[in-house]
Amino acid sequence: MTDDAANTPAAPGTTSRRWLLFAFLTVGLWGVWGAFAGVSAQRGFPETLVYCVWAVTMILPAVVVMQREKWKLDRDPRSILFGLLIGLTGAGGQMILFYAVTTGPAYLIFPIISLSPVVTILMSLVLLKERTSRLGALGVLLALIALPLFDFSPQGFSFSQGAAWFPLALVIMLCWGVQAFFMKMANSRMSAESIFFYMMLSGLSLTPVALAMTDFSQPINWSWDGPGLAAIIQMLNAVGALFLVYAFRHGKAIVVAPLTNAGGPLVTAVISLLIVGVMPGELKMVGLALAFIAAALLASAA
């Protein structure tokens, strides 16, 4: 991961087939992570503490890649700004999500959040002047249509029941869309390893917030299948995030963002079907079909 090609900053408009490898590695890891991400909470380990475990798991891959780079960390003000911006928009969005799901319906919040690639694509088209082929554009469009279908489940909810969650969902969507854009932008100015290192620091810096949000008056599973199992599952998330940084380094944001966001849930659904025997609903089946076609188009257009 740290050969010369990976270390040399890529121009904002350049691409190589290497991005596809890193994107698919991200999709695979996040797909497996997604299939088991809810296990920790089901076994009595709160989501806020899962966040703390995830932040800690970021340390190992960060140390590994920085060690391979002989700790050549980009320390100029712009690199620090970009690194912390990327890290805090990602981790900060997660913090807001913890609160949002306590105030509104997850089946509406997550479809809105899933549209974060729209923010990334618009910013990349306008600010980075990125373009793709017609096949790629069709793949992007299908991915954006598929994303909300993964989590949307029509139920009898009305805004009259409270809509405080709606602006929170938009803020999270904006945070994660901006994060992906700056992840691409920063890769032309600093090393991917430095970006991930600052992401790790940002994630750790917000652990006190997660701890403050944790209700320690409730029973918490502190045995191995609590924090221990969470660490194994969250390591998939952490390494996937590292590969995502490399995918943005070598590929266009307008393609990487929708592919990784749509591909992960696709793998998750397949794993859930094979292992748990859970058959997706009709809307999710449509989303999965669209995501599969989108992934094939984006890969062929690379």
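The legends below accompany an overview and several close-up views of a predicted model.

**Figure 1. Overview of the predicted chain, which is built from 15 helices and zero strands.** The chain has 302 residues, and 51% of them count as buried. Its accessible surface comes to about 13,600 Å², with 70% of that area belonging to carbon and sulfur atoms. When contacts between residues at least 6 apart in sequence are considered, 90% of them join residues at least 24 apart.

**Figure 2. Close-up of the largest nonpolar core, a set of 84 residues.** The members that touch the most other members are Tyr51, Phe196, Met199 and Phe248. Helix H10, spanning residues 165-186, supplies the largest share of this core, with ten residues. Apart from this core lies another, made up of six residues, including Leu49, Val50, Ile220 and Ala230.

**Figure 3. Close-up of Phe248 and the residues in contact with it.** With neighbours within four places in sequence left aside, Phe248 is in contact with Ala180, Met183, Lys184 and Asn187, and also with Ala253, Val256 and Ala257. Phe248 is one of the residues that touch the most other members of the largest nonpolar core.

**Figure 4. Close-up of helix H2, residues 18-36.** This helix has 19 residues and reaches 28 Å from its first C-alpha to its last, close to the 27 Å expected at 1.5 Å a residue. Its buried residues are Trp19, Leu20, Phe22, Ala23, Thr26, Val27, Leu29 and Gly31. In an α-helix there are 3.6 residues a turn, so residues three or four places apart point the same way.

**Figure 5. Close-up of helix H4, residues 47-57, and its surroundings.** Because nine of its eleven residues are buried, helix H4 is largely enclosed by the rest of the structure. The buried residues are Thr48, Leu49, Val50, Tyr51, Cys52, Val53, Trp54, Ala55 and Thr57. Their cover includes helices H3 (39-42), H5 (59-68) and H6 (77-103), together with H11 (192-205), H12 (207-213) and H13 (224-250). Tyr51 also belongs to the largest nonpolar core, whereas Leu49 and Val50 belong to the core of six residues.

**Figure 6. Close-up of Thr214, in the loop between H12 and H13.** Thr214 counts as buried, at 8% relative accessibility. Its side chain makes a polar contact with the side chain of Thr48, at 2.6 Å. Thr48 is itself one of the buried residues of H4. Residues up to four places away in sequence not being counted, Thr214 touches Pro46, Thr48, Leu49 and Ile220. Of these, Leu49 and Ile220 are among the members of the core of six residues.

**Figure 7. Close-up of Phe197 in helix H11.** At 13% relative accessibility, Phe197 counts as buried. Phe197 and Met58 are 139 residues apart in sequence, yet their C-alpha atoms are 8.5 Å apart in space. Phe197 touches Ala62, Met66, Trp71 and Leu73, not counting residues up to four places away in sequence. Helix H11, which holds Phe197, is included in the cover of the buried residues of H4.

**Figure 8. Close-up views of the cysteines Cys52 and Cys175.** Cys52 is buried, with a relative accessible area of 12%, and is found in H4. Cys175 likewise counts as buried, at 17% relative accessibility. The count of disulfides comes to zero.

Notes
Residues numbered from 1 in each chain as written. Predicted model: local features only at pLDDT ≥ 70, side-chain atom pairs only at ≥ 80, totals over all residues. Heavy atoms only, no water. Core = buried A, V, L, I, M, F, W, Y, C linked by side-chain atoms within 4.5 Å. Buried < 20%, exposed > 50% of the residue type's maximum accessible area, 1.4 Å probe, protein only. Helix = DSSP H or I, 4+ residues; strand = E, 2+ residues; numbered from the N terminus. Contact = heavy atoms within 4.5 Å. Areas by Shrake-Rupley, 256 points an atom, 1.4 Å probe, with all protein chains shown as cover. Expected span 1.5 Å × (residues − 1). Disulfide = S-S within 2.5 Å. Polar contact = N/O pair within 3.5 Å; in protein donor to acceptor, adjacent residues only side chain to side chain.
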